[in-house]
Amino acid sequence: MAPTPIEKMERLSEHLGGPEIYIKRDDLCWGFTEGGNKVRKLEFVVADALDHGADTLVTCGAVQSNHCRLTLAAAVKEGLKCRLILEERVPGSFNATATGNNLLFNLLGVEKIRVVHGGSNLVEEMEEELSDLSREGRKGYAIPVGASDEIGSLGYVVCAEEIIEQLRSLGLSMNYVVCPSGSGGTHSGLLAGFFYNKSDITVLGFNVGRDREAQEELVFDLTNKLTAKLEMDQDIDRAKVCCFDEYVGPGYALPTEEMKDAVRFVARLEGIILDPVYSGKAMAGLIDKVNKGYFKPDQMVMFIHTGGVPALYAYNHEFL
Ligand SMILES: *Cc1c(COP(=O)(O)O)cnc(C)c1O
């Protein structure tokens, strides 16, 4: 598959007057139903599902989950069925007539949606679904939240290698790569991929839900599972796992003023649309770090646009 574009954010860099900022357009990940970072992970996970002879993908996520939308789209492409378990992380947030990803769940022909309370045991919920399928003589395959296991996250090990190659051919070198850090597969895959390839690019993760300590532990653990899978006999240095939690606001998927400002700012300066849950909060963090002098003016920073644009349409009341 062709690499996703790397572009300079010319006007944003100029306006902020800090480091040179680039963007990697994983929101354009092969035009797969609006793209996004889950495409890279699903490439590995769905191959594993097919190897296991599955006829149905089962996965879970929040009520406007991009991961659920892309898993469903991948199922459609492979001629599989798909069942979704949606977790109401914000109580009462499921709306069967909502636009955004919810509209796409319906349009793409989801077989079944089951809504569960926030904090439910999603692994158990998915197992229940697999048992139901097996009683019907079918074979399900459960994909964890965000496809962030040591199979799916290999998609971002590949992305790290893609970045190294692209930068080489563009004659650029980056000091930092910045990404949102949610279920952690993107962040961990990049860390493992750069480590494996002996790149000294620093990865900065901007949390979207957890506090710093919990997210860093999650990413550290997943990164080490990946390096083990890559048959490296060395764990990553714990100090290389860096997460910021000060841009989460009141909680996962809950808007902040800084997120809204960042989404508007980038739309109006660059013509690029970010999402309200992940890339918008990560960009708010990046802008704040630039303003606070975290980076030196001669440094180079690349933002990974992880997608999520359809979710924005379910937040129109926040922007109009
Ligand atoms: C899932 C998601 C993320 C978070 O990526 P993880 O690998 O789960 O940490 C970021 N941005 C968007 C748009 C997503 O859908």
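Q: Is Lys198 buried or exposed in this predicted model?
A: Start with where the residue sits: Lys198 is in the loop between α7 and β8. The cut-off for exposed is over 50% relative accessible area. Lys198 comes out at 77% relative accessibility, so this residue counts as exposed.

Q: What is the phi of Lys198?
A: Lys198 comes after helix α7. Its phi is positive although the residue is something other than glycine. The value is near 55°.

Q: Is Ala253 buried or exposed?
A: Here's another loop residue, placed between β9 and α9 (257–270). Ala253 is not glycine, yet its phi is positive, near 70°. Buried means under 20% relative accessible area. With 13% relative accessibility, Ala253 therefore counts as buried.

Q: How far apart are the end C-alpha atoms of helix α7?
A: Helix α7 covers residues 185–196, which makes 12 residues. At 1.5 Å a residue, that should span 16 Å. The model agrees, because the end C-alpha atoms of α7 are indeed separated by 16 Å.

Q: How many of the 12 residues of α7 are buried?
A: The buried set includes Gly185, Thr186 and His187, and also Leu190, Leu191 and Phe195. The helix is largely enclosed by the rest of the structure, because the buried count is 11 of the 12.

Q: What span should the 18 residues of helix α8 have?
A: Helix α8 takes in residues 212–229. Its end C-alpha atoms are 26 Å apart. That agrees with the rule of 1.5 Å a residue, which means an expected span of 26 Å.

Q: Which elements do the buried residues of α8 pack against?
A: Among the buried residues of α8 are Gln215, Glu216, Val219, Phe220 and Leu222. Further along, Thr223, Asn224, Leu226 and Thr227 are buried too. A helix has 3.6 residues a turn, so residues three or four places apart point the same way. The packing partners of the buried α8 residues are α6 (154–170), β7 (176–181), α7, β8 (202–207) and β9 (243–244).

Q: Which residue with a positive phi follows α8?
A: Look just past the end of the helix, which runs over residues 212–229. The phi there is near 60°, and the residue is Glu231.

Q: Is Glu129 buried or exposed?
A: Glu129 belongs to helix α5 (residues 122–135). The threshold for buried is under 20% relative accessible area. Glu129 has 2% relative accessibility, so this acidic side chain's residue counts as buried.

Q: Which residues is Glu129 in contact with, leaving aside its neighbours within four places in sequence?
A: One stretch of chain to look at is around Leu84, which is 45 residues from Glu129 along the chain. The C-alpha atoms of Glu129 and Leu84 are 9.4 Å apart. The contacts themselves are with Val58, Arg83, Ile85, Lys112 and Arg114.

Q: What radius of gyration does the protein chain have?
A: Zooming out, the chain has 12 helices and 10 strands, and its C-alpha atoms fill a box of roughly 60 × 50 × 35 Å along the principal axes. A compact globule of 320 residues would have a radius of gyration near 20 Å. The chain agrees with that, at 19 Å.

Q: How far apart do the centres of the positive and negative side chains lie?
A: Tally the charges: 32 positive side chains and 47 negative ones. The centres of the two sets are separated by 3 Å.

Key:
Residues numbered from 1 in each chain as written. Predicted model: local features only at pLDDT ≥ 70, side-chain atom pairs only at ≥ 80, totals over all residues. Heavy atoms only, no water. Helix = DSSP H or I, 4+ residues; strand = E, 2+ residues; numbered from the N terminus. Rg over C-alpha atoms; globule rule 2.2 N^0.38 Å. Lys, Arg positive; Asp, Glu negative; His and termini not counted. Charge placed at Lys NZ, Arg CZ, Asp CG, Glu CD. Expected span 1.5 Å × (residues − 1). Buried < 20%, exposed > 50% of the residue type's maximum accessible area, 1.4 Å probe, protein only. Contact = heavy atoms within 4.5 Å.
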